[in-house]
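Subject: Structure handover

Hello,

Here is the structure I said I would pass on. Please open it beside this email and follow along as you read.

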Amino acid sequence: GIYDGGGYTISNYKLKPWSTSGDIYAGLFYQVYQGTIQNLNIRPAVGNNNEIVDITSGDNSKEIVVGALIAKSGAQTPDMSGDDGNVTVTNCHLLGQEYRIGGTRSTVFGGLIGRNVAEKLTMVNCSNKANLVAGCDEDDGYENKLGGLIGELEDSRLAGESYAEHLVIDRCRNNGNISLISTDVPCFAGGFVGFLSASKLEAHVSNSVNSGAVMTSSNAIWE
């Protein structure tokens, strides 16, 4: 299906976790499997210290995955053999000054999309105009992944299958600074994508610019 925002801006909406029993996902759209979202500007509400989502409960061993537009793109296949999907995001923009996320758990945070497992993800004429900041308390085993457009691009099939995941980024821009604050936690940060874990990836990036600074505090890996 197609969601057409008509160029309007959705403002002052609160991102709330869909569940606190497992991995926590928060986004305007929890999950998009097959479809297109287009022509939409978003400006989420923030709490104290510009926190984009308030996580006060749940299992701290689970991840928090946040995308201001889509928490998770792609979905598990009907036969449960892996993940799949074809998602297109066109002319969508994250507005605002600064958004922060923190806590005592691993964090995946993308300006527009938190985690992608779709076999094909296409982003055209999209942008992040806000500074993004993520931090996690010191604790072995935590990881932080922060990207201006996408927090994490993950394998969309089980290991060993012959396929290639496709990522297309065209005429997109990240204008915001990307900052990860961690003392002893692995950090992955990028202007477009925070972390790439796809074993087979065909990526096409064209006519796109990252003008924001990418900063991490320690154990840093830049993507």
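Which residue in strand 22 does leucine 153 stand opposite? The residue is leucine 196. Before the rest, please keep in mind that this is a predicted model.

That pair belongs to the pairing of strand 17 (residues 150-153) with strand 22, which is parallel and has 3 bridges. Both strands are part of an open sheet of 5 strands, in the order 3-6-12-17-22, with parallel pairing. Strand 3 (29-32) and strand 22 (193-196) are at the edges of the sheet; each has a single partner strand, so one side of each has no neighbour there. From one strand to the next, the twist averages 10 degrees.

Next, the chain as a whole. The protein chain has 26 strands and 0 helices. It has 223 residues, and 52% of them are buried. The area it exposes is about 9,600 Å², of which carbon and sulfur atoms supply 46%. If you take the contacts between residues at least 6 apart in sequence, 83% of them join residues at least 24 apart.

Now look at the start of the chain. Strand 1 (residues 2-11) runs parallel to strand 4 (residues 34-43), and 7 bridges join the two. One place to find this pairing is isoleucine 2, whose bridge partner in strand 4 is threonine 36. Strand 4 also pairs with strand 9, again in the parallel sense, over 8 bridges. For that pairing, find glutamine 38 and its bridge partner in strand 9, threonine 90.

The last item is the interior. In soluble globular proteins, nonpolar side chains tend to be buried together. In this model, the largest nonpolar core has 44 residues. The members that touch the most other members are Ile52, Val66, Leu69, Val89, Leu112 and Met123. Strand 9 (residues 86-94) contributes the most to this core, with 4 residues.

What does isoleucine 52 contact, once its neighbours within four places in sequence are left aside? The list is Leu15, Pro44, Ala45, Val66, Ala68, Tyr99, Arg100, Ile101 and Phe109. Val66 is on that list, and Val66 is also among the core members named above.

To go through the model yourself, you could begin with leucine 153 and leucine 196, then move to strand 4 and strand 9, and finish at isoleucine 52.

Regards

Technical notes: Residues numbered from 1 in each chain as written. Predicted model: local features only at pLDDT ≥ 70, side-chain atom pairs only at ≥ 80, totals over all residues. Heavy atoms only, no water. Core = buried A, V, L, I, M, F, W, Y, C linked by side-chain atoms within 4.5 Å. Buried < 20%, exposed > 50% of the residue type's maximum accessible area, 1.4 Å probe, protein only. Contact = heavy atoms within 4.5 Å. Areas by Shrake-Rupley, 256 points an atom, 1.4 Å probe, with all protein chains shown as cover. Pairing = 2+ DSSP bridges. Axes fitted to C-alpha atoms, helices over the stretch in contact; angles between N-to-C directions.
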